[in-house]
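Here is a short set of exercises to work through with the model open beside you. Try each task before you read the solution that follows it.

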Number of protein chains: 2
Amino acid sequence: MEGMTSEASVTKLPECFSSVIPGWFSEISPMWPGEAHSLKVEKILFQGKSEYQNVIVFQSSTYGKVLVLDGVIQLTERDECAYQEMITHLPLCSIPNPKKVLVIGGGDGGVLREVSRHSSVERIDICEIDKMVVDVSKQFFPRVAVGFNDPRVTLHIGDGVAFLKAVPEGTYDAVIVDSSDPIGPAQELFEKPFFQSVAKALRPGGVVCTQAESIWLHMHIIEDIVANCRQIFKGAVNYAWTSVPTYPSGVIGFMLCTTEGPPVDFKHPINPIDLDDSHIKTKGPLKFYNSEMHSAAFSLPSFARKVIESKSD
Amino acid sequence: MEGMTSEASVTKLPECFSSVIPGWFSEISPMWPGEAHSLKVEKILFQGKSEYQNVIVFQSSTYGKVLVLDGVIQLTERDECAYQEMITHLPLCSIPNPKKVLVIGGGDGGVLREVSRHSSVERIDICEIDKMVVDVSKQFFPRVAVGFNDPRVTLHIGDGVAFLKAVPEGTYDAVIVDSSDPIGPAQELFEKPFFQSVAKALRPGGVVCTQAESIWLHMHIIEDIVANCRQIFKGAVNYAWTSVPTYPSGVIGFMLCTTEGPPVDFKHPINPIDLDDSHIKTKGPLKFYNSEMHSAAFSLPSFARKVIESKSD
């Protein structure tokens, strides 16, 4: 695996391991100044530098294995269910019979695992920029990377922005943007031209769900995303959020939008996955998502509602 | 103020300040092994040892002033709204015209501030065991301790368990138990005899709301609380939860129960505070709570629903 470093050859650990309690990983970033979440490290399993970012996998003492990109926790085995299930089923349970789905980012395979629970889906394209993320996930996170085993999945290694530009108009029923933060390789995925490409790639009444940061930390970013989406997507534009303990401030948000076409009411899912349990055999039961959690995710604290709903519907 | 230490005389800082990045406070506890949340410290404003616990106040760089008891963050100026508003309005907005309210713990005054937004309330008793918490809050957190200024409030310094035993049967419309974790002075507030005293102190169809830990970290504690409450409270027994970034795992839960009597449907508030805004002048607007957040708080992730609803209604 390109850039792979065996444990024995590790001589210098990145700063996130050295500036705090010895033996702990701390997540320090200008995206959340003045606070840091730390996990106790049992063993570092992998560290490498890809063309795009630093990649680390460690065994934590209480959160299972942890994937870190550029010093930021992407997933832990203990709480990944919340993020992967919500970012996937919020859009897919909101439309009848999704057939063609595109995932941008999501190289760990967790979103694929969730998409493939939907029996109506015929084709799943994924465009991940960093092959190392895919390889590392397959090696260290088999219960996440299981998503790649579905025969409906086609993996494209490359730039999501360029991939979308080449997509024929109206191809997808749903696009899921599972990106990292807007500092680093994912920056363009938060900008207006990208959202325009997404809208073009969707069929009329198609849905997009993008990772959209924390209402506690990033209202200014969210405000911009909502304003952009309101201009570009002529159907519903809604913000949802959920609890993920190992993400900064303990929550993560999602921007859900639809193109003009058959109306979509995100707050009232019409395609409940709860009823169909054929997927459980290979992927295990849903741990987090259910129809009640779906609707509840759109309820916003007053401070956030004031900002978001002034720009939204 | 008893036990008060002036800044100049501080020679030895407690361990939570010394075991991590210099200049940061880290919250390390056997209640959440293997993880720690840290806040950057600008200045330590107070440290003292009361009869019951260590009390610290510091100015953080991004969360405002922070109150710490026995090494555990109780509130920060930035996110206290979520906890105080939810623990108070979940019970009070679920019953018509609450008149007599008892607060156990809550010595910072934040719950009082929220209770006093309800114009129907005629009497607010608070029983806090540790006078130092009240004094420190009045000195350093005026926007929280403002709750003590309401003429309807009577402060009792003492043991909540003993106080409740002396309360005549059927006195209160609502009891709010704003306790710290079940290690330390609050331990008894999580045990069955305490819940029995609460039930006795409530009128028929009266409501109790108690701090009930995190579904991500403490399902075993929650399971016990639910089982106890199901035996003792013959009306509704429900679990709700909300986001509080500076609490471990980023969430906190609440146990909501009613005694036998006029039925209460916690999930559908019938006494909306949103409509009455006379309280805003002295206490500022609600930042977090609204009727949608109220109902959404009772939606549980599948992993938690499985455990809680098997013991609940």
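**Exercise 1. A helix and its surroundings**

Task: Find which elements of chain A the buried residues of α7(A) pack against.

Solution: Bear in mind from the start that this is a predicted model. Begin with the helix itself, α7(A), which covers residues 192-201. Its buried residues are F194(A), F195(A), S197(A), V198(A), A199(A) and A201(A). Next, follow their contacts outwards: they pack against the strands β7 (100-105), β10 (172-178) and β11 (202-211) of chain A. The helices α6 (160-165) and α8 (219-232) of chain A complete the list.

**Exercise 2. A strand with two partners**

Task: Decide whether β10(B) is enclosed or open to the outside, and work out which strands pair with it.

Solution: Start with burial, for which the cut-off is under 20% relative accessible area. Seven of the seven residues of β10(B), residues 172-178, are buried, so this strand is largely enclosed by the rest of the structure. Now look at one neighbour: β7(B), residues 100-105, runs parallel to β10(B) and is joined to it by five bridges. To find your place in this pairing, look for V103(B), which stands opposite I176(B). Then turn to β11(B), residues 202-211, which also pairs with β10(B) in the parallel sense, over five bridges. Here V177(B) has T210(B) as its bridge partner.

**Exercise 3. An aspartate in each chain**

Task: Describe the setting of D125(A), then examine D125(B) and its charged partner.

Solution: In chain A, D125(A) lies in strand β8, residues 123-128. Its relative accessible area is 4%, under the 20% limit, so D125(A) counts as buried. Its side chain makes a polar contact with the side chain of R123(A) at 2.9 Å. Leaving aside residues up to four places away in sequence, D125(A) touches V101(A), L102(A), V103(A), T154(A), H156(A), F163(A) and Y172(A).

Moving to chain B, D125(B) is buried as well, with a relative accessible area of 4%. D125(B) forms a salt bridge with R123(B), and their closest N and O atoms are 3.0 Å apart. The arginine of this pair, R123(B), is partly exposed at 33% relative accessibility.

**Exercise 4. Salt bridges within chain A**

Task: Find the salt-bridge partner of D150(A), and say which residues are linked with E80(A) in a network.

Solution: First, recall the principle: side chains of opposite charge can pair when their charged atoms come close. Over all chains, the count comes to 18 salt bridges. One of the pairs is D150(A) with R152(A), where the closest N and O atoms are 2.7 Å apart. D150(A) is buried, with a relative accessible area of 11%. For the second part, locate E80(A): salt bridges link it in a network with R113(A), E114(A) and R117(A).

**Exercise 5. Where the two chains meet**

Task: Characterise the interface of chain A and chain B, from its overall extent down to single residue pairs.

Solution: Take the extent first. Chain A gives 43 residues to the contact, and chain B gives 43 residues. The area buried between them is about 3,400 Å², with carbon and sulfur atoms giving 55% of it.

Next, consider the polar side of the interface. There are 28 residue pairs in polar contact between the chains. On the side of chain A that touches chain B, the elements giving two or more residues are β3 (35-49), α2 (80-92), β12 (237-243), α10 (291-296) and α11 (302-309). The largest share, six residues, comes from β3(A). By residue type, this side of chain A divides into 24 nonpolar, twelve polar and seven charged residues.

Now see what β3(A) does there: it pairs with β3(B), residues 35-49, in the antiparallel sense over five bridges. Within this pairing, L39(A) stands opposite E35(B).

Finally, look for salt bridges, of which two are found across the interface. In one of them, R305(B) pairs with E292(A), with the closest N and O atoms 3.7 Å apart. This pair runs from helix α11 (residues 302-309) of chain B to helix α10 of chain A. R305(B) counts as partly exposed at 25% relative accessibility, and E292(A) is partly exposed at 36%.

Methods: Residues numbered from 1 in each chain as written. Chains lettered and ligands numbered in written order. Predicted model: local features only at pLDDT ≥ 70, side-chain atom pairs only at ≥ 80, totals over all residues. Heavy atoms only, no water. Contact = heavy atoms within 4.5 Å. Buried area = accessible area lost by both parts, 1.4 Å probe. Salt bridge = Lys/Arg side-chain N within 4 Å of Asp/Glu carboxyl O. Polar contact = N/O pair within 3.5 Å; in protein donor to acceptor, adjacent residues only side chain to side chain. Helix = DSSP H or I, 4+ residues; strand = E, 2+ residues; numbered from the N terminus. Nonpolar A, V, L, I, M, F, W, Y, C, P; charged D, E, K, R; others polar. Pairing = 2+ DSSP bridges. Buried < 20%, exposed > 50% of the residue type's maximum accessible area, 1.4 Å probe, protein only.
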